[in-house]
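This report looks at the surroundings of a bound ligand, then at one buried position in a helix, and finally at the cysteines. Please keep the sequence and the model in view while reading.

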Amino acid sequence: MSEPFYVTTPIYYVNDRPHIGHLYTTTVADVIARHRRQAGRDVFFLTGTDEHAAKVADAAAQQGLTPIAWADRNAEIFRATFARYGISNDDFIRTSQPRHKQHVQRRVAQLVETGDVYLGEYEGWYDAGEEEYVPDARAEEHGFKSPISGRELVRKKENNYFFRLSAFADELLRLLEAEPGRVQPDARRNEVIARIREGLNDVPLSRTGTGDWGIEMPGDPAHRVYVWIDALFSYLSPVDGDERRRYWPASLHLIGKEILWFHAVIWPALLLALRRVPGNEWIGLPRQVYAHSFWISEGRKMSKSLGNFIDLERLEAIVARYGLDALRFYLVGQGPMGVSDADFAAARFDDLYHAELANKLGNLVSRTLHMNAKFADGRVPEPGPPGEPERLLVAAAEAACRAVDEHMERFQVGRALEAALELAGAANRYLDEREPWKAAKDPARTATVPTTLYHCCETLRLVAHLLVPFLPATAGEIFARLGLAGAERPAVPTRFGGLASGLATRKGEALFPRVEPPGAG
Ligand code: MSP
């Protein structure tokens with residue numbers, strides 16, 4: 001069996017409906033999962049919903065529904081949305097599922113037994129929107145306002161179970177310094193290290209007074225497991241069984257930057273504590289956490305009141321206009337992987353759609369297949385001896401294959417996509433140089449035509465191969481037009497020259513038809 005690769009997205013709160021941010025993280029994780037599958041890895045790709053937050057119960061109450069009725073409805077919207085957007089997740093975890101609740105209770109009971117969880121009193125600055133305490137120093141630094149939403153923090157005192165996070169500071173620091181790849185990008189890891197150095201407080205692991213919504217604290221039904229602890233275990237609960245244990249530790253937790261602390265500090269500390277329990281030796285630490293930045297929209301922070309919020313309706317309108325793969329192209333190519341936020345701008349979307357998809361990729365597909373119909377009877381021709389332009393094209397193809405893999409290794413999905421499309425650009429330039437439409441009428445050059453068309457068809461196959469993780473439907477369509485079946489794993493090698501001569505090719509409609517700009521027509 002090939003090496004396992006386990007990638008996760010955050011599990012999303014069901015108090016609200018999915019929007020571009022949720023779709024973004026999930027799409028990038030999908031690209032990574034598809035790329036690893038294509039390389040033959042044994043992939044497990046998980047997404048899901050986080051249901052026990054107090055704000056979920058509040059939203060339900062406002063709708064006059066029970067929390068579980070509201071959670072069922074919204075979890076289904078998330079699940080169906082991801083299916084609709086072609087996300088290839090292997091499972092969908094809901095924290096209200098029995099498999100998850102039982103897991104959390106068992107693991108928390110183990111932490112009580114080791115003494116890493118204890119009953120105590122806590123007073124601190126509470127961020128109600130994020131459902132977390134903000135350490136005193138940080139609260140002061142932000143003027144006692146939420147560092148995330150800017151809303152007033154409240155002073156709160158609770159009798160809670162606590163997790164002994166303070167005991168893990170040294171070990172966490174050692175790990176982060178010895179293995180910088182664990183938390184990426186570097187700038188984010190450095191922020192985490194600096195905060196750990198300021199000192200770690202123990203953190204609440206339970207809550208009271210939130211009704212009965214949530215997972216009961218084992219042995220103390222007056223308490224519910226704090227929603228963030230509950231949520232973090234959603235990465236482990238689906239693989240905590242003989243069938244799937246091979247996937248742990250997770251290869252990659254892909255998240256947004258606002259929830260890095262939970263993933264880079266609290267989660268590994270919980271696992272370090274659990275690991276000490278006999279029988280838990282297999283519970284290693286996730287290999288990598290990658291925290292991307294945020295989408296803003298038309299130059300400003302997304303907000304419902306500004307009217308620039310990209311919700312499901314807006315996303316659907318984009319898909320109706322440009323197609324699903326075009327949306328993936330923009331999200332993955334222009335999105336906020338790395339430390340800068342990214343702007344979703346309708347005009348830029350339109351420009352890039354036409355430049356990269358219609359004029360570069362779409363045009364290459366249509367030129368190649370039309371000429372192949374006209375000058376090679378719609379069959380992949382037999383190539384003659386290569387000249388200098390062919391050698392350059394082959395070198396460009398090999399460089400593109402390497403570049404895509406290298407960028408993907410570092411989760412530079414935008415650059416990887418760019419490198420794949422750049423190969424289509426190289427093939428267009430090659431065609432312009434060889435001019436088969438003229439060469440076909442010039443007796444001195446007619447012999448070059450089959451060679452030229454073969455090289456275009458073969459480059460197209462490789463472009464499609466490289467695009468499988470990014471634009472799966474488009475890649476599948478290109479394979480089909482080249483007479484190849486099976487988008488995910490072409491049966492032919494990825495080396496240049498793998499395409500068999502004689503396959504029947506098909507012209508088809510424009511893959512990316514021109515679209516009137518938004519606002520026009
Ligand atoms: N339920 C917690 C996560 C628990 S994980 C164990 C949560 N949920 S959430 O519904 O608020 O989703 C947050 C995530 O959605 C972010 O971490 C990020 O992945 C994604 N995004 C939400 N808004 C975003 C943008 N504006 N831009 C990009 N992604 C963002 O937090």
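## Ligand shell, a helix residue and the cysteines

The model is predicted, and a backbone N or O atom of Gly-256 lies 3.0 Å from an oxygen atom of the ligand. Two side chains also place a polar atom by a ligand oxygen, that of Glu-258 at 3.0 Å and that of His-22 at 3.4 Å. The table sets these polar contacts side by side.

| Residue | Part of the residue | Distance to a ligand oxygen |
|---|---|---|
| Gly-256 | backbone N or O atom | 3.0 Å |
| Glu-258 | polar side-chain atom | 3.0 Å |
| His-22 | side-chain N or O atom | 3.4 Å |

Taken alone, the ligand would expose 680 Å², and the protein buries 92% of that area. The shell that does the covering consists of 21 residues, of which Ile-11, Thr-25, Asp-50, Gly-256 and Trp-295 are the closest. Sorted by class, this shell holds 11 nonpolar, 8 polar and 2 charged residues.

Which elements each supply at least two residues of the shell around the ligand? They are strand 1, covering residues 4–13, helix 1, covering 20–38, and helix 8, covering 227–232. Strand 1 provides the largest share, with 4 residues.

The next position to consider is Asn-372, which belongs to helix 12, a segment running over residues 346–375. Asn-372 has a relative accessible area of 0% and therefore counts as buried. When neighbours within four places in sequence are set aside, the residues in contact with Asn-372 are Asp-377, Gly-378, Arg-379, Val-380, Pro-381, Leu-453, Cys-457 and Thr-505.

One of those contacts, Cys-457, leads on to the question of sulfur pairing. A disulfide is a covalent bond between the sulfur atoms of two cysteines. With a cut-off of 2.5 Å between cysteine sulfur atoms, the count for this model comes to 0 disulfides.

Why does Cys-401 have no disulfide partner? The closest cysteine sulfur, which belongs to Cys-456, is 16 Å from the sulfur of Cys-401, and this is too far for a bond. Cys-401 nevertheless counts as buried, because its relative accessibility is 19% and the limit for that class is under 20%. Cys-456 is likewise in no disulfide, since the nearest cysteine sulfur, in Cys-457, is 7.1 Å away and a disulfide requires sulfur atoms within 2.5 Å. Cys-456 is also buried, with a relative accessible area of 0%.

How values were computed: Residues numbered from 1 in each chain as written. Predicted model: local features only at pLDDT ≥ 70, side-chain atom pairs only at ≥ 80, totals over all residues. Heavy atoms only, no water. Near = heavy atom within 4 Å. Polar contact = N/O pair within 3.5 Å; in protein donor to acceptor, adjacent residues only side chain to side chain. Areas by Shrake-Rupley, 256 points an atom, 1.4 Å probe, with all protein chains shown as cover. Nonpolar A, V, L, I, M, F, W, Y, C, P; charged D, E, K, R; others polar. Buried < 20%, exposed > 50% of the residue type's maximum accessible area, 1.4 Å probe, protein only. Contact = heavy atoms within 4.5 Å.
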